[in-house]
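The following exercises are to be worked with the sequence and the coordinates at hand. Each task is followed by a solution in steps.

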Amino acid sequence: GTMHVDSGRVSLRKPEKNGRRREPGTLCFKHFVSRGLLASTVWVPRQWLAMLLDQFSSFCVLLNLMASPDTVIVNITAVLSVL
């Protein structure tokens, strides 16, 4: 094939029409076929799912911090002191 130079990197693949590559996979997950044999076996969540998983994990961390006994006691005493 012909070589294409894009921002200093040399690629043997032809560039896509809109500039984005479509990595194979499902609606929720993909794997990178262009990054070697080992990397092509790893399934990675797509960008929209990765964002949701990050938000959900942040929410879980927040709940775990709020559910500790010290935090519960501090919150109860703060509310009772206002009443």
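**Exercise 1.** Determine how the span of helix H2 compares with its expected length, and state whether H2 lies in the open or in the interior.

*Solution.* The model is a predicted one. Helix H2 covers residues 69-82, a run of 14 residues. From its first C-alpha to its last, H2 reaches 20 Å, close to the 20 Å expected at 1.5 Å a residue. Burial requires under 20% relative accessible area. Of the 14 residues of H2, the number buried is 0, so H2 lies largely in the open.

**Exercise 2.** Identify the residues of the nonpolar surface patch and place Met66 within the fold.

*Solution.* The patch is formed by Phe56, Phe59, Leu62, Leu63 and Met66, which together have about 510 Å² of accessible area. Met66 belongs to helix H1, residues 47-66. With a relative accessible area of 40%, Met66 is partly exposed.

**Exercise 3.** Establish how many disulfides are present and classify the exposure of Cys28 and Cys60.

*Solution.* The criterion is a pair of cysteine sulfur atoms within 2.5 Å. By this rule the count is 0 disulfides. Cys28 has a relative accessible area of 25% and is partly exposed. Cys60, at 29%, is likewise partly exposed.

**Exercise 4.** Describe the order of elements and the overall burial of the protein.

*Solution.* The protein contains 2 helices and 4 strands, arranged from the N terminus as β-β-β-β-α-α. Of its 83 residues, 8% count as buried. The accessible surface comes to about 7500 Å², and 66% of this belongs to carbon and sulfur atoms. Among contacts between residues at least 6 apart in sequence, 2% join residues at least 24 apart.

Conventions:
Residues are numbered from 1 along each chain as its sequence is written. This is a predicted model: local features need pLDDT of at least 70, side-chain atom pairs count only at pLDDT 80 or more; totals for chains, interfaces and linings use all residues. Side-chain values use heavy atoms; hydrogens and water are left out. The expected span of a helix is 1.5 Å times one less than its number of residues. Buried means under 20% relative accessible area, exposed over 50%, partly exposed in between (1.4 Å probe, protein chains only). Patches are made of residues with over 30% relative accessible area and no salt bridge: like charges are joined within 9 Å, nonpolar side chains (Val, Leu, Ile, Met, Phe, Trp, Tyr) within 5 Å. Accessible areas come from the Shrake-Rupley method with a 1.4 Å probe; for residues, only the protein chains shown count as cover. A salt bridge is a side-chain nitrogen of Lys or Arg within 4 Å of a carboxyl oxygen of Asp or Glu. Contact means heavy atoms within 4.5 Å.
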